[in-house]
Amino acid sequence: MEKMTDAKRQTLALLVDNEPGVLSQIARLFSRKGYNIEAFAAGATENPGITRITIDVLADDPHTELLCNQLRKLYPVHSVKWLSVENSIYRELMLIKVKAEGSEQRNDVIQLANIFRAQIIDVSPSTLTLVATGDEDKLAGMANILSEFKILEIARTGVVAIERGIATINDESKERGEFNYGKNVL
Amino acid sequence: MKGIFSVLVENRDGVLSAVSGLFARRGFNIDTLAVGETDDHEISSMTITSTGDQRTIDQIEKQLNKNVDVIKVRRLTEARSVCLEMILTKVSYSATTRSSLIETCQMCGAKIIKAAPKYMLLEFHADPEAVEDFIQLVRPYGIIEIQRTGTIAMEK
Amino acid sequence: MKLVGSEVLMECLLEQGVDVVFGYPGGTVLNVYDSLVKYKGRINHYLTAHEQGASHAADGYARSTGKVGVVFATSGPGATNLTTGVATAYMDSSPVVFISCNVAENLIGKDSFQEVDSTGVMLPITKCNFQITDVDKLASTVRKAFAIARSGRPGPVFIDILKNVTAEETEYEFVPRAEHKEKGLLEAIYERNMPDMQKPAIDEEDIDKLVSMIEESKKPMLICGGGVVRGRAHEEFNYFANLIDSPTAVTVMGGGGINGRNPLVTGMIGMHGSQASNIACNECDILIAVGCRFSDRVALDPETFASQAKIVHIDIDRSEINKNVRTDHHIVGDAKEVLRMLNERLSQQDHSEWKKFVFSYPTETKYDEGGETLNPKQVCDTIAKLMPMDTIVSTDVGQHQMWAIQHFHFDYPGQLITSGGFGTMGFGLGAAIGAKVGNPDKSVILVAGDGSFRMNCNELTTVQYYGLPIIIFVFNNQTLGMVRQWQNLIYHKNFSQSDMDRGPDFVKLADAYGLKGYRVNNQKDLEIAIEEAKASGEGCVIDCVLDIDEMVRPMVGGGSHITDFMKI
């Protein structure tokens, strides 16, 4: 694909049908266009048939718009929102297991954990498992500092984001109507 | 039964669709899917939860192992792992319900990220069941929007 | 009423008004074929030589009739053989429902005999696809599939039914098509979009804005795209073009969207567009494209395309807007409806000066007359002269396709059937079969090249068996003409693997299939052959010998400025 000079991390929020194959179809759309998904979080919503997904992708603005348009075209996709950094709140959850043998090391880890407001969720004779939430930078910073101990394992949920203000992904817009028109003139 | 897979994969395009396609192929719904970076930028970790019978889950594990982009697959059981999920949710409130909403949050340990005149933005993380309970607790106030991360898990 | 799955499928086809199915049986789809016997006379099945032929036939049927085409195939290779046909239908927005069966539930996912992840394979080339694992959901899924195939921007839908589902019993209740939207899976779609469905979808303000843009314009230009054909909006489009008195270029897919003999038509646009079309496109001050997606064969260089014009895009598919070229204004809606609204609001315009300028450039290519061999224009003109005006023309892909589109005049949607988007060689014969089945009262011809025809000529057996009087013209220049043309112009005459200097002899081949064959290399023989073929009322092959170095003119290189005509 063509080189994108202004590529930056973009966040998209989607509402989709909770059915087999839908996640794969969405993931495929990104890979077909040559975009790597940096983070992907899919979870249930208050409506049992609907899954909400947050996707982080590296792309410039025009290509992101194109991606949004292609996503909106898919049948199982109900709505797509392109979130802006200024207007949204980002959070991620991280589990991190570090090696900590002896009380001295363990105390050091616990102290660092406190700085990042991480909780100790599991303790074994030689390891500590921490959980922390925050935006990407905070979690990256924490992982970085903890790397002075041996990090055994990290699991991150991927970023989830929600818009500030009363606006939601469900808001009607002319554009959304236009997309649905093309899909569903039965 | 519930299958929880913790999968380490190459961080490149097409991998996510290949992995999720394995599930789709068997008509198998993915309940949650969380993809995040690890400490190595070249490698992503995925946590996938799904419901199905034992044999299908076994088969999926095998197929996952076969995929060239999959570095490592681990099946986790709820009993022997730490399973966590986070939600962000916007909940509306009125003057009469405000204090009880705040109380509910304090009781569950949810963080109020932002309190605006008509709604509060809450962050909450716990094991998936507790997250479900929390949603039931705040539902009466009026959920405007909700986003769950999907489960991530780590062996104890 | 208690029925088994395969019978439910038949009933659902009847609900949709389907009376023609193309297909090929095999292990997993046997229950369906078993039930087919019970529905004899109500659902007519055409057995092709290959699943690909069936897929093109259903596509040709859909394009020529405007109805939904239907295909049956078995699992594994049956399904994968369909893929080229599915992709062809997808790229050209043709409504076809492909139905295959897969191995039974206990075998799925085990790499069983003839098992493939069919829905996974079809994912990128269908509008939507379904795997049916529960017989109770069969009827509502089929109803949804048909609704999706024909709604909005039409396209192929693929249904994969597990074999055990076709044998299991369920309660079936007849639901007339008009009531589908209140029942089953369709209800959910309707519920989800109710607010959008109830309000008039086309924005009046958008329409008014375009009306004032048109009224301000001095040099308007129209592009008639495939959307006009799919939307059957030819009458509205003709009226629209006349009303704004604008030169009109026609894309490959747009053939038949405007009366081909309308004096406003400038011919094809793009890579093999006429000088009039391409130059007008470059000079105009407003370019209105209806149902056209500005593919790389039309808007060769998106940066410089119609650079002096305000580009207006009318399309039913919102995701096409601003995809290939940046537009100044767009209207999302069904072409027929949008054009009707525009026609109501517009007053008669007059652009004689501008037309005079545009039509000072040729709209057709001249060929040397009186040579010993036939030239492409001569063949097309002779066919046009001797065949009825409303003859349906199916084409394959390559030089002959461009010649056919340049020289025939198409007057109504579905008269030209060609693989424009996907460029599928071997498409034509299957498509012609489908067109003839769907239009028994019209003449159907196939214009093929020797390379394309050889790809799927096995379907001659279908032509013969069902007695379909399709006249096949093979534009035989003993080479893969378009490949040779590129090698000639771009690859320094390095004619690598493009010669077709080998069999079969198409006259003998026709004979082997029980059809008459002719070989002609001059006008007189061609005329005799056509007259004989018409009189016989049977299918036949007319092998027209052309010069090997004949080229499609004019030509603009891919990615070049639209008026950079190559010197040929």
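This is a short dialogue on reading a helix, a core and a domain contact in a predicted model.

Trainee: How many residues does helix α3 of chain A have, and what span should they give?

Mentor: Start with the general idea: an α-helix has 3.6 residues a turn, so residues three or four places apart point the same way. In this model, α3 of chain A covers residues 102-115, which is 14 residues. At 1.5 Å a residue the helix should span 20 Å, and its end C-alpha atoms are 21 Å apart, which agrees. Just after α3(A), R117(A) has a positive phi of about 55°.

Trainee: Which residues have the most contacts inside the largest nonpolar core?

Mentor: In soluble globular proteins, nonpolar side chains tend to be buried together. Here the largest nonpolar core holds 171 residues, and V71(C), V97(C), L287(C), F473(C) and I542(C) have the most contacts inside it. Helix α6 of chain C, residues 138-150, gives this core its largest share, eight residues. Another core, of 92 residues, lies apart from it and includes A27(A), F5(B), M86(B) and L122(B).

Trainee: What does V97(C) touch?

Mentor: Leaving out residues up to four places away in sequence, V97(C) touches V68(C), V70(C), A145(C), F146(C), A149(C), V157(C) and I159(C).

Trainee: Where do domains 2 and 3 of chain C lie in the sequence, and how many residues of each are in contact?

Mentor: The domain assignment puts domain 2 at 204-358 and domain 3 at 376-545. Their centres, taken over C-alpha atoms, are 30 Å apart. In the contact, 15 residues of domain 2 meet 13 of domain 3. On the domain 2 side, α10 (226-230) and β11 (265-268) each supply at least two residues. By class, that side has four nonpolar, nine polar and two charged residues.

Notes. Residues are numbered from 1 along each chain as its sequence is written. Chains are lettered from A and ligands numbered from 1 in the order in which they are written. This is a predicted model: local features need pLDDT of at least 70, side-chain atom pairs count only at pLDDT 80 or more; totals for chains, interfaces and linings use all residues. Helices (H or I, at least four residues) and strands (E, at least two) are DSSP runs, numbered from the N terminus. The expected span of a helix is 1.5 Å times one less than its number of residues. A nonpolar core is a set of buried Ala, Val, Leu, Ile, Met, Phe, Trp, Tyr and Cys residues joined through C-beta atoms within 7 Å. A residue is buried if 20 or more other C-beta atoms lie within 10 Å of its own, exposed if 12 or fewer, and partly exposed in between; C-beta atoms are placed from the backbone. Two residues are in contact if their C-beta atoms, placed from the backbone, lie within 7 Å. Domain bounds come from an automatic or database domain assignment. Ala, Val, Leu, Ile, Met, Phe, Trp, Tyr, Cys and Pro count as nonpolar, Asp, Glu, Lys and Arg as charged, and the others, Gly among them, as polar.
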